[in-house]
Amino acid sequence: MSEVVDRVLDVVAETAPEVREGLVGRREYETSENPSGEQMLAADRYADQLLEERLLAIDGVASYASEERADVVHAEGSSADAYHVAVDPLDGSSNLKSNNAMGTIVGVYDEPLPARGEHLVAGAYVLYGPITTMTAAVHEEVTEYVIDDGERRVDREGVTVPDDPTVYGFGGRVPDWTDDVERFVREEIESDDSIKLRYGGAMIADVNQVVTYGGVFSYPELQSAPEGKLRVQFEGNPIGYIIESAGGKSSNGEQSLLSVEPTELHQRTPVYVGTTSLIERLEAALA
Ligand code: AFP
């Protein structure tokens with residue numbers, strides 16, 4: 001079935017130039033909200049429609065779930081061993097107005113959704129940065145591709161999260177952080193002059209900083225939102241799979257994100273990912 005995974009990644013790569021070109025003229029918010037109660041941009045819906053149509057057309061893909069849709073969409077007739085894809089079509093779409101980085105996240109599961117991250121067979125993100133890249137983990141091997149005219153071209157194989165942390169980014173408002181999170185950031189991170197703040201408002205752009213330079217990205221538990229903001233199926237699991245495949249560590253504050261038992265499709269979770277030693281210290285601080 002690895003040919004199905006390859007085809008999913010090829011389709012996402014082929015669609016990336018159209019998503020990127022489609023951003024122009026789609027910066028306005030629609031009246032509808034997504035299932036997480038967030039305003040949708042025309043660009044969100046455009047990317048979602050392109051990816052749903054093309055991913056469900058792949059023989060071997062049984063269903064499509066999206067951060068922008070309340071329910072899973074099932075392909076007509078599919079075999080029992082088919083895969084189930086979960087997509088955040090345009091992660092960081094609020095960055096479109098300010099022309100900052102955004103991306104697409106995809107997880108390929110071997111179980112119907114919602115499913116634990118342990119059921120991922122692949123995770124990938126496309127980063128619409130100065131250049132368009134894809135970072136993909138397949139069977140725990142992480143590869144970075146440059147997407148050139150819809151083709152994936154290997155740029156870096158055996159990608160690993162650096163052991164020495166140099167960047168950090170925590171989402172949410174500082175006054176809304178819990179005491180444990182604030183204490184960790186102040187005492188364990190800001191006191192270390194080798195670690196610099198890098199937070200841009202699009203998870204995959206901030207995660208790509210951590211994959212490149214080492215450190216931690218988090219959208220933590222908040223006093224106002226103990227489950228944080230990010231979604232297990234569409235953000236936490238695929239990114240956790242990529243980070244762990246690259247030798248880093250993911251956590252919800254207590255356990256690997258991939259072990260979180262989801263009870264509903266749009267369930268949220270606190271997210272802490274990055275250099276293993278730093279995430280271990282963070283888990284100890286939150287215990
Ligand atoms: P949008 O897709 O609505 O811009 O949200 C992006 C996101 O889900 C994730 O990519 C960011 O890390 C996080 O939200 C940013 O949230 P804040 O705007 O609260 O910092």
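Q: Which residues come nearest to the ligand in this predicted model?
A: Asp91, Ser94, Tyr199, Met203 and Tyr219 come nearest, out of the 14 residues around the ligand. A residue belongs to these surroundings if one of its heavy atoms lies within 4 Å of the ligand.

Q: What makes the approach of Ser94 to the ligand a polar contact?
A: An N or O atom in the side chain of Ser94 is 2.6 Å from an oxygen atom of the ligand. The cut-off for a pair of N or O atoms is 3.5 Å, so this pair counts as a polar contact.

Q: What are the corresponding distances for Lys229 and Glu235?
A: A side-chain N or O atom of Lys229 is 2.9 Å from a ligand oxygen, and one of Glu235 is 3.3 Å from a ligand oxygen. Both pairs therefore meet the limit of 3.5 Å. The protein covers 82% of the 470 Å² of accessible area that the ligand has on its own.

Q: How is the shell around the ligand divided by residue class?
A: The shell holds six nonpolar, four polar and four charged residues. The ligand itself sits in the largest pocket.

Q: Why is the ligand said to lie between domain 1 and domain 2?
A: Domain 1 (2–156) and domain 2 (167–286) both give residues to the shell, so the ligand lies between them.

Q: How many residues of domain 1 and domain 2 are in contact?
A: With heavy atoms within 4.5 Å as the criterion, 44 residues of domain 1 are in contact with 32 residues of domain 2. The C-alpha centres of the two domains lie 21 Å apart.

Key:
Residues are numbered from 1 along each chain as its sequence is written. This is a predicted model: local features need pLDDT of at least 70, side-chain atom pairs count only at pLDDT 80 or more; totals for chains, interfaces and linings use all residues. Side-chain values use heavy atoms; hydrogens and water are left out. A polar contact is a pair of N or O atoms within 3.5 Å; within protein, one must be able to donate a hydrogen and the other to accept it, and residues adjacent in sequence count only if both atoms are side-chain atoms. Accessible areas come from the Shrake-Rupley method with a 1.4 Å probe; for residues, only the protein chains shown count as cover. On a 1 Å grid over the protein atoms alone, a cavity is a set of points where a 1.4 Å probe fits but cannot get out, and a pocket is an open set with protein on both sides within 12 Å along at least five of seven lines; lining residues have an atom within 4 Å of a point. A molecule sits in a cavity or pocket if more than half of its atoms lie within 2 Å of its grid points. Ala, Val, Leu, Ile, Met, Phe, Trp, Tyr, Cys and Pro count as nonpolar, Asp, Glu, Lys and Arg as charged, and the others, Gly among them, as polar. Domain bounds come from an automatic or database domain assignment.
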